[in-house]
Amino acid sequence: MIDNIKGKQILITSTDVMMIQFLVPHVLYLLDNGANVDVACSKAEGYQNEGYKEKIKEMLPKSVSFYAVSYTHLTLPTN
């Protein structure tokens with residue numbers, strides 16, 4: 001058990017691929033030890049149509065908020 005984790009609010013961010021392949025068991029461990037965990041995932045390039053968002057939401061308890069994050073690459077002019 002992790003000392004002093006009970007009641008802590010934790011936000012875990014990663015790509016959806018990393019979450020489903022590696023981090024879900026760690027999220028569950030934190031929850032089992034009393035932490036309040038939410039996750040925010042972006043779609044990994046090359047895996048856009050795998051449906052990971054729904055799979056991750058099914059794997060995690062309803063107490064976990066899931067945030068889908070997107071981003072845009074901006075090219076800024078240089079002077």
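This report looks at selected residues of one protein chain, taking their place, exposure and contacts in turn. The structure is a predicted model, and the descriptions that follow should be read as descriptions of that model.

**Aspartate 16 and its surroundings**

Aspartate 16 belongs to helix α1, which covers residues 16–32. Although this aspartate is buried, it has no salt bridge. The nearest side chain of opposite charge belongs to lysine 43, and the distance to it is 6.3 Å; a salt bridge would need a side-chain nitrogen of Lys or Arg within 4 Å of a carboxyl oxygen of Asp or Glu. What does the side chain of aspartate 16 reach at 3.1 Å? The partner is the backbone nitrogen of alanine 44. When neighbours within four places in sequence are left aside, the residues in contact with aspartate 16 are Cys41, Ser42, Lys43, Ala44, Tyr52 and Ile56.

**Residues of strand β1**

Strand β1 spans residues 9–15, and serine 14 is found in it. Is serine 14 buried or exposed? Serine 14 counts as buried because its relative accessibility is 17%, and the cut-off for buried is under 20%. Its contacts, again without the neighbours within four places in sequence, are Met19, Leu23, Ala40, Cys41 and Ser42.

Glutamine 9 also has its place in strand β1, but this residue is exposed, with a relative accessible area of 52%. Its C-alpha atom is separated by 6.0 Å from that of valine 37, although the two residues are 28 residues apart along the chain. The side chain of glutamine 9 makes a polar contact of 3.0 Å with the side chain of aspartate 38, and, with neighbours within four places in sequence left aside, glutamine 9 is in contact with Asn36 and Asp38.

Isoleucine 10, likewise placed in strand β1, is partly exposed, with a relative accessible area of 21%. Not counting residues up to four places away in sequence, isoleucine 10 touches Ile5, Leu30, Ala35, Asn36, Val37 and Asp38.

**Lysine 55, tyrosine 67 and asparagine 4**

Lysine 55 is found in helix α2, made of residues 52–59, and it is partly exposed, with a relative accessible area of 38%. Which residues does lysine 55 contact, leaving aside its neighbours within four places in sequence? They are Ile20 and Glu50.

Tyrosine 67 sits in strand β3, which runs over residues 66–69, and it is partly exposed at a relative accessible area of 43%. Together with Leu11 and Val69, Tyr67 makes a nonpolar surface patch of about 300 Å². Asparagine 4, by contrast, lies in the segment before β1 and is exposed, with a relative accessible area of 68%.

**Separation in sequence and in space**

The table sets the separation of three residue pairs along the chain beside the distance between their C-alpha atoms.

| Pair | Apart in sequence | C-alpha to C-alpha |
|---|---|---|
| Lysine 55 and isoleucine 20 | 35 residues | 7.8 Å |
| Asparagine 4 and proline 61 | 57 residues | 22 Å |
| Isoleucine 10 and serine 70 | 60 residues | 20 Å |

Lysine 55 and isoleucine 20 are 7.8 Å apart in space, C-alpha to C-alpha, and Ile20 is also among the residues in contact with lysine 55. For asparagine 4 and proline 61 the corresponding distance in space is 22 Å, while isoleucine 10 and serine 70 are 20 Å apart.

Terms used:
Residues numbered from 1 in each chain as written. Predicted model: local features only at pLDDT ≥ 70, side-chain atom pairs only at ≥ 80, totals over all residues. Heavy atoms only, no water. Helix = DSSP H or I, 4+ residues; strand = E, 2+ residues; numbered from the N terminus. Buried < 20%, exposed > 50% of the residue type's maximum accessible area, 1.4 Å probe, protein only. Lys, Arg positive; Asp, Glu negative; His and termini not counted. Polar contact = N/O pair within 3.5 Å; in protein donor to acceptor, adjacent residues only side chain to side chain. Contact = heavy atoms within 4.5 Å. Patch = residues over 30% accessible without salt bridge, like charges linked within 9 Å, V, L, I, M, F, W, Y side chains within 5 Å. Areas by Shrake-Rupley, 256 points an atom, 1.4 Å probe, with all protein chains shown as cover.
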